[in-house]
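Work through the exercises below with the sequence and the model in view. Each task is followed by a solution in steps.

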Amino acid sequence: MRIMIIGGGNVGYYLTKSLSADRHRIMIIEEDRSRCEQIASDLGSGHIEVTCGDGTDVACLREAGIFNTDVLVAVTGHDQNNLVACQLARNCFGVKQTISRVKNPKNIRVFEKLGVDSVISSTERIAGIIDRELDWTDVNRLLKDRSCNVRLRKVTVMPGSVYEHRFLKDIGLPGGLILIAVLRGDQAIIPSGSTCLEAGDIAVIWGSEEDINGTFGENREKKEIAE
Amino acid sequence: MYIIITGCGRIGSDLADRLSGEGNDVVIIDRDSGNFSRLGSGTNCMTVTGMPIDEDILKEAGIEKADALLAVTDDDNTNIMTTQIAQHLYHVPFVIARTADPEKQRALTKMNLKTVCSATLMVESMLSALKKGGTDS
């Protein structure tokens, strides 16, 4: 996939590193020249192109190769810049999927309303899950198109919930539900019976809508992975 | 009219002075309260200190009842985001954003966002002055 990343701070840097390891083609735009040089010398390869400039500038986006970009990921530290980068990508250059980081969690709703496809508010989580996020969207769409009621969902373990401090082997998920992964900070844990759930963990569950709602009703994160 | 202005620089403060002078209810937002000293001594408008892209700040400024929002900070992207929040989330009837970059302005026009670009205006008035001068001589 051709992925354009706006912002070469820590998030952009590690995102570039992990996505290029998966053989995606990465174009990254960063304003600070010395930061650009550092990214190029650390990560430089045939898969990565670094452009020094403003990722919300039409000419700069063009120069960096926005045409034929499959996904644009905006991860600067300024919400307004991330929004404009996503909107220019979609409206001027026909980029099909836009993903943005927001610093102010209240902007999740704003960004979704203004046409950004995926909005992520946690800096820590973004690098680890972004690649999977793309696939999840496709998986859920695929299942929906086939009239199948099984979905992939994220469930956040809330403080004080019945699942907090419990080992998976003691919880006993009902048949038909499969716990695929536990996302904790920037780690993705492949669960086993001895995995202990903590508040703030995000459990990735595979199962029917009814079973997930029945089991995790109060714990479900409001925003679903994708519809 | 109930009018919100974001950015109390040279442009924002002048707009606030004039619009409140005409009897409008004016609220001006700036992230630096020191900038409110630019307002004319006779200007009677409400001031709110904070980032204009923060919905809480916009609500404090009364966006739910605003008739118009003029986004004139010196940051294009802040103005673009502010006007879109006003237009699409709060259905403010008239919104306009100040931009510095003519190419961005063209892109925004495609997205049905009303903008004023100082560079475009400057070029247009220079050209029309030049043409006028040309026919006079």
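Two strands pair if DSSP finds at least two bridges between them. Helices (H or I, at least four residues) and strands (E, at least two) are DSSP runs, numbered from the N terminus. The model is predicted: local features need pLDDT of at least 70, side-chain atom pairs count only at pLDDT 80 or more, and totals for chains, interfaces and linings use all residues. Residues are numbered from 1 along each chain as its sequence is written, and chains are lettered from A and ligands numbered from 1 in the order in which they are written.

**Exercise 1. The open sheet**

Task: State the order of the four strands in the open sheet of chain A, and find its edges.

Solution. Step one: the order in chain A is 7-12-9-10, with antiparallel pairing. Step two: strand 7 (150-156) and strand 10 (187-189) of chain A each have a single partner strand, so they stand at the edges, and one side of each has no neighbour in the sheet. Step three: from one strand to the next, the twist averages 25 degrees. The angles run from 0 to 180 degrees between N-to-C directions, and the axes are lines fitted to C-alpha atoms, for helices over the stretch in contact.

Step four: inside the sheet, strand 9 (residues 178-184) and strand 12 (residues 202-208) of chain A run antiparallel and are joined by five bridges. A:V182 has A:A203, in strand 12 of chain A, as its bridge partner. Step five: helix 8 (residues 209-216) of chain A lies across strand 7 and strand 12 of chain A, at about 135 degrees to strand 12.

**Exercise 2. A loop residue and its contacts**

Task: Place A:A199 in chain A and list its contacts beyond four places in sequence.

Solution. Step one: A:A199 belongs to the loop between strand 11 (196-197) and strand 12 of chain A. Step two: two residues are in contact if their C-beta atoms, placed from the backbone, lie within 7 Å. On that basis, and leaving aside neighbours within four places in sequence, A:A199 contacts A:V157, A:M158, A:P159 and A:E164. Step three: A:Y163 is 36 residues from A:A199 along the chain, and their C-alpha atoms are separated by 8.3 Å.

Step four: a residue is buried if 20 or more other C-beta atoms lie within 10 Å of its own, exposed if 12 or fewer, and partly exposed in between. A:A199 is partly exposed because 13 other C-beta atoms lie within 10 Å.

**Exercise 3. Positive phi**

Task: Say where A:N68 and B:N112 are placed, and whether each is buried or exposed.

Solution. Step one: most residues other than glycine have a negative phi. A:N68 has a positive phi near 70 degrees, and B:N112 has a positive phi near 60 degrees. Step two: A:N68 is in the loop between helix 3 and strand 4 (71-74) of chain A, while B:N112 is in the loop between helix 4 (102-110) and strand 6 (115-117) of chain B. Step three: A:N68 is exposed, with 10 other C-beta atoms within 10 Å; B:N112 is exposed, with 8 C-beta neighbours inside 10 Å.

**Exercise 4. The contact between the chains**

Task: How many residues does each of chain A and chain B give to the contact?

Solution. Step one: chain A gives 18 residues and chain B gives 17 residues. Step two: helix 4 of chain A supplies the largest share of the side of chain A that touches chain B, nine residues. Step three: the predictor gives the complex an ipTM of 0.89 and a pTM of 0.69.
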